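Opening the notebook on this one. I want to look at a sheet and its helices first, then at where the chains meet.

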Amino acid sequence: MKFTVERAVLIKALAHVQSVVERRNTIPILANVLLSAQEDGALRLTATDMEIAVVEDVPGVQVARPGRTTAPAATLYEIVRKLPEGARVELDHAGGEAPLKLRAGRFNTDLQVLPVEDFPSMTEGKLPHHFSLGAGQVRDLVDRTRFAISTEETRYYLNGIYLHAADSDGTKVLRAVATDGHRLARFEEPLPDGAAGIPGVIVPRKTVVELRKLAEETQEAVEIHLSDTKIRFDLGPVHLTSKLIDGTFPEYDRVIPRGNDKVLRVRKKEFAEAVGRVAAISSERSRPVKLSLDRDRLLLSASSAEQGQAQEELDAEVVRYDAAPIEIGFQARYLNDITDQIGEQVEFRFADGSAPTLVMDAEKPEALYVLMPMRV
Amino acid sequence: MTAPPAATLCRDCAAVLLPDRAACACGSRRLLRHPELLALSIAHVDCDAFYASVEKRDRPELLPLPVVVGGGGQRGVVSSACYIARAAGVRSAMPMFKALRLCPDAVVVRPEMSKYAAVARDIRVLMERLTPLVQPLSIDEAVLDLSGTAALHRAPPAAVLARFALAVEREVGVTVSVGLAPNRLLAKIAAERDKPRGFAVIGVAEAASLLALEPVALLPGVGPAMTRRLAAAGFTRLGQLAALSPLEAARRFGEDGPALAARARGEDARPVVPERETRSISAETTFDADLSAVEALERPLWRMCEKLSRRLAEKGFAAGGVVLKLKTAGFALRTRHARLPAPTALPDTLFAAARPLLLREADGTAFRLIGVGAQPLLPASLADHGDLADPEAPRRAARWRAMEALRARFGEGAVVRGRGLRPRQGTR
């Protein structure tokens, strides 16, 4: 195998694949990227951690000798990254156990290869369902929900985004839901063609992270193929295939409060900043910020054993509230995670000081958040 | 040889009197005389007919009636019988139908363990005012070491204990029996001698002669089987055992023989070890035959989760995490820990957390033991409130408690979850 390629082209593709490879490489081959140079001048890079695989077709490659080999992804990426801009990179593998020779200008190095036969192929099987979403829709869908994904191992079925077709007040939607038990995020897109019959699937956190990175770089449509065990996202030349989490997502609909009638509207900027300031008094992340509500008046306060207490009042200039006074506490970080996803106006709907609270973007009803209060 | 002057203690005002008084200045004639009274400091405290006494305390109309606490039905057993019922021959651990045959007008009360546990805690608090060395032996029994406390209390242990017994009657509303002796064994034997509402003393000097004529079964730990074995060897009285040299005792009764002979002489060197703060609660079981299949291991794991859940409930704790313990056929110990998203005391939530740990370990290795523990321990009040991902937890908790109540009423086998059952032979 021998080919030359622009550094800029190669680095972009390597960046995609190297973030998938297994860092704690207990299985050496999983630290490698599979390079296959084809007759027709196509170079294909593949990396996998057995849960996710990224396959990327690299354009503009001059293939002198087709062939395949595997090389350490992180090392290759680091070297190519440090080559001067505009460099042309030649990769040359004589076959067998011979090292992979990398040459660029006056630089050259030998990289240890591992046999192609050892490289695991992640069979995706049949993916009977197909629909497409705009790259912007994918970004929204991930951004509005991923902060709520749980990291706890016991309830592994919460370690991803639950993607499914649903009926939202008579409108067919594609819904993404994530929860860690303390907060829940739900985001909807109009149901794309082809998505009506999809099974509900749980897309793992790592896949979501990789997908989000890839979606950042494109404005094209993202083609999504799935079965009930695997999902593949095609973003132009990049194909991200992932196993799905084998578990049952909780019946989240039952925890979304319906009758919360105490409505607070507050300007996001002032609110989020006040939460940040008040919460800064305590180093303990789990300390609650208390919201004390009265007519068009919101008092935020927090206390810590070491520092005493802090408070800030927001008044009618930024606050609208005309229900009965209540007091309720939330973890500051949870509040900020949600307000980060909200534009101008935050709308809270409370039932009382101890019941789940609904949070929404007053202008964008497609995103909805539920927050469990803390005792204050 | 003249006996040393016997110190005298008034059990109704805890005054230490001159030996020759027939009554205390307070008017009481409940006087305790013993030559070693002021020198002894190991006490065994035992509540009298504990559950029955608590029930009588709470329902004074039961006071003149024979009261039996225990499970009803065909297979119920007497947990506790008041002294009126005992006079009719009713004893603890006796089948209920037999108890009712002996004492047909007995009032049968279903046990309410949480209530007894609360009363026991109140008593424990009073004990811990006497000495830090309090070792609870069961819900209604404890041993106390009062050595070196005389200066603190400005009274000898005997007087402190008399005051304590009065305080329990006054503040808690049940009676206790106290045994005071030079060691734990004699203190326990003493406590048995003067029940109920008793206070008995066994001194160093009299111990051997006092025990010599007693039947061997008096010794704690000598049950019916041991008694038969001893009798077969010709030993029926403690004095016979006491006379054995260590060598002879070992020849006859094996390596535990010398210790048995020593106890028969009233010797006991066990210290009083205060109960440490409970740091973990667990349940484990050793298999009849080694197991390696996941499905085979899941079954005992589920039963241990149920057991753990029960133990947590009894002690008022919830689990903040679970520890899975496995012992391989080669006796290698493996422990694995998982934190729980929220504290629980429910068997299915414990199981759901422990099972993934088991799946990772069940790699074909043969195991001889499985156990599950709760760590860290958190207050029970934090358990099973549910969250956005598990809104059903409070309902599951209520269901489990209801099942537990049924089991408490109708016995262990009344309600069994399918998971805990063994597959029948020949079926899967």
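**Sheet and interface notes**

I started with one residue: B:Ile42 sits opposite B:Asp145 of S9(B). Worth keeping in mind that this is a predicted model.

I then looked at the two strands around that spot. S4 (residues 42-47) and S9 (residues 141-145) of chain B run antiparallel, and five bridges pair them.

Next I pulled up the whole sheet. It is open, has five strands in the order S8-S9-S4-S10-S11 (chain B), and its pairing is mixed. Why do S8 (134-138) and S11 (199-201) of chain B each have one side without a neighbour in the sheet? Both strands stand at the edges with a single partner strand each, so that side stays free of a neighbour in the sheet. I get an average turn of 20 degrees between neighbouring strands, direction ignored.

Helices next. H4 (residues 113-128) of chain B packs on the sheet and touches S4, S8 and S9 of chain B, at about 155 degrees to S8(B). H6 (residues 157-172) of chain B lies across S4, S10 (176-181) and S11 of chain B, at about 170 degrees to S10(B).

Then the interface. I find 13 residues of chain B in contact with 17 of chain A. About 1200 Å² is buried between the two chains, 60% of it from carbon and sulfur atoms. On the chain B side, B:Pro341, B:Leu388 and B:Ala389 lose the most area, together 56% of what that side buries.

Last, I checked charges. Three salt bridges cross between chain B and chain A. I noted the one joining the side chains of A:Glu153 and B:Arg360, at 3.6 Å, N to O. H14(B) gives the largest share of the chain B side that touches chain A, three residues.

Conventions. Residues numbered from 1 in each chain as written. Chains lettered and ligands numbered in written order. Predicted model: local features only at pLDDT ≥ 70, side-chain atom pairs only at ≥ 80, totals over all residues. Heavy atoms only, no water. Pairing = 2+ DSSP bridges. Helix = DSSP H or I, 4+ residues; strand = E, 2+ residues; numbered from the N terminus. Axes fitted to C-alpha atoms, helices over the stretch in contact; angles between N-to-C directions. Contact = heavy atoms within 4.5 Å. Buried area = accessible area lost by both parts, 1.4 Å probe. Salt bridge = Lys/Arg side-chain N within 4 Å of Asp/Glu carboxyl O.
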